[in-house]
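Open the structure in your viewer and keep the selection tool at hand. Each stop below says what to select and what is there.

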Amino acid sequence: MALPFEALIGFRYLRAKRRNGFISFISLVSVVGIALGVAALIIVLSVMNGFQKEIRSRILGVASHVEISTYEGKLSDWPAVARLAAKEPHVIATAPFVNAQGLMSAGGNVRGTLVRGIDPVSEDRVVDVGKHMVSGTLASLKPGEFGILLGVELARQLNVVTGDKVTVITPEGNVTPAGMLPRLKQFTVVGLFKVDMFEYDSSLAMIHLRDAQVLFRMGDKVSGVRLKLDDLFAAPLVKAELRNKLSANAFTSDWTDMNANYFRAVQIEKRMMTIILTLIVAVAAFNLVSSLVMVVTDKQADIAILRTLGAAPASIMKIFVIQGAVSGVLGTFCGVAGGVLVALNLDVIVPLIERLIGTKILSSEVYMIDYLPSDVQWGDVSTITVISLLLALLATLYPSWRAARTQPAEALRYE
């Protein structure tokens with residue numbers, strides 16, 4: 001099928017050698033600038049998506065999707081609550097828990113800890129901490145034996161290993177004739193876990209649910225019930241449904257509530273980086289404007305001849321819109337291809353760069369993640385592509401409009 005003459009001329013201007021080499025250089029710079037901007041935007045957003053996904057998976061390795069508790073921190077009829085929650089469509093597992101603050105000491109070292117009482121069988125179905133055991137297992141916790149699982153960083157701070165003894169000091173004391181005395185209980189370290197989240201590895205300790213109820217004098221009560229869903233993004237919906245079915249004394253929270261500040265900060269950072277990097281594409285589009293303006297100036301005589309041969313102003317405008325749009329499309333798709341290729345192979349590229357420069361870009365001693373995770377989301381790639389193409393198209397309008405206003409007599413006066 002024959003192309004319209006506007007397209008033929010536009011393509012010819014795009015590949016033809018110009019008398020002014022500087023114009024060709026500016027045109028090349030604008031195409032390269034668009035490609036680099038698009039590639040940078042895809043790579044950065046993929047890294048941020050990967051970082052968010054990795055941290056979310058690590059948080060949910062210890063935290064549950066939804067928690068049901070009470071305002072006073074004690075849930076009495078928790079089996080009934082667990083059965084009610086299990087009837088919800090997205091709920092696939094439930095587990096009771098006891099949460100309490102305490103001090104832990106060993107060999108003169110004292111650390112503040114979050115002591116969590118768990119049922120090993122139920123807990124293993126709700127969270128993935130069992131997959132992160134360095135030594136021992138969740139099943140090592142036996143009721144009445146007062147065993148304890150520690151995060152590896154907490155164990156390092158206390159200078160203990162599996163088999164050592166630690167003393168747990170509870171906030172509630174015993175009233176004696178000598179006054180208030182702290183309640184102490186000695187536990188045996190039966191395992192260590194590492195979830196690669198410093199907050200949990202350095203402060204979380206887990207004991208059996210029955211031992212926790214005895215230690216914190218809770219009787220048959222628990223702090224709450226934790227739920228695992230088949231879709232973590234359904235947590236707000238499940239929370240809202242349970243809120244209408246539970247008693248007024250009970251309240252529900254999901255993983256987005258428990259880590260709201262972190263995920264909100266990541267989302268804001270992602271939006272700001274998108275805006276900043278989109279400006280790179282906008283700057284390249286401005287370069288496209290300048291290159292097209294110079295092309296229009298360089299082609300004044302050609303435009304005048306086309307006008308005298310009967311070409312309408314709209315046809316002249318289409319010629320330069322096509323020329324600029326092709327440059328924008330070329331730069332955009334080169335950037336998309338390069339950005340996606342790099343983002344999908346960051347696990348190979350980053351170690352190669354580290355070997356070349358002889359240093360670690362992300363040290364595990366400083367950052368919670370010692371590599372650059374990448375998660376290419378095609379929705380983001382599509383959005384970036386559309387934005388880049390629109391900016392490139394908008395950049396062609398003013399130079400094309402100027403070309404359409406060229407007066408043949410004025411343009412040919414000095415030819």
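The tour goes through helices, strands and two loops of a predicted model.

**Stop 1: helix 3**

Select residues 78-86, which form helix 3. Which of its residues are buried? Colour Val81, Ala82 and Ala85: these are the buried residues of the helix. They sit on the same side of helix 3, because they cover an arc of only 100 degrees around the axis. An α-helix has 3.6 residues a turn, so residues three or four places apart point the same way.

Now show what these buried residues pack against. Two of the partners are strand 1 (66-70) and strand 2 (91-106). The others are strand 9 (224-229) and helix 8 (235-245).

**Stop 2: strand 9**

Move to strand 9, one of those partners. Five of its six residues are buried, so the strand counts as mostly covered by the cut-off of under 20% relative accessible area.

Add strand 1 to the selection. Strand 1 and strand 9 run antiparallel and are joined by four bridges. To find one pairing, pick Ser69: its bridge partner in strand 9 is Gly224.

Swap strand 1 for strand 2. Strand 2 and strand 9 also pair in the antiparallel sense, here over six bridges. Pick Ala95 and look across to Arg226 in strand 9, which stands opposite.

**Stop 3: Leu227**

Stay in strand 9 and centre on Leu227. Is Leu227 buried or exposed? Leu227 counts as buried because its relative accessibility is 0%.

Show its contacts, leaving aside neighbours within four places in sequence. Among them are Ser64, His65, Val66 and Ile68. Val91, Ala93 and Thr94 also touch Leu227. So do Val126 and Leu242. Ala85 is on the list as well, and Ala85 is one of the buried residues of helix 3.

For a distance check, pick Tyr71. Leu227 and Tyr71 are 156 residues apart in sequence, and their C-alpha atoms are 18 Å apart in space.

**Stop 4: strand 5**

Select residues 147-151, strand 5. Five of its five residues are buried. Look at both faces of the strand, since both are covered. Gly147, Leu149 and Gly151 are on one side. Ile148 and Leu150 are on the other. In a regular strand the side chains alternate between the two faces of the sheet.

Add strand 8, residues 204-208. Strand 5 and strand 8 pair in the antiparallel sense over three bridges. Ile148 stands opposite Ile207 in strand 8.

**Stop 5: two loop residues**

Most residues other than glycine have a negative phi, and most peptide bonds are trans. Which way does phi go at the next two residues?

Pick Phe146, in the loop between strand 4 (133-135) and strand 5. Phi of Phe146 is positive, near 55 degrees. At 17% relative accessibility, Phe146 counts as buried.

Then pick Asn159, in the loop between helix 5 (152-158) and strand 6 (165-176). Asn159 has a positive phi too, of about 60 degrees. Asn159 is exposed, with a relative accessible area of 65%.

**Stop 6: helix 11 and helix 12**

Finish with residues 300-308, helix 11, and residues 313-344, helix 12. The two helices pack at an angle of about 140 degrees, with their axes 10 Å apart. Their crossing is right-handed.

Which residues meet here? On helix 11, show Ile303, Leu306 and Arg307. On helix 12, show Pro313, Ile316, Ile319 and Phe320. The contact holds six nonpolar residues, no polar and one charged.

Methods: Residues numbered from 1 in each chain as written. Predicted model: local features only at pLDDT ≥ 70, side-chain atom pairs only at ≥ 80, totals over all residues. Heavy atoms only, no water. Buried < 20%, exposed > 50% of the residue type's maximum accessible area, 1.4 Å probe, protein only. Arc of directions from axis to C-beta. Contact = heavy atoms within 4.5 Å. Axes fitted to C-alpha atoms, helices over the stretch in contact; angles between N-to-C directions. Left-handed = near helix turned anticlockwise from the far one by under 90°. Nonpolar A, V, L, I, M, F, W, Y, C, P; charged D, E, K, R; others polar. Pairing = 2+ DSSP bridges.
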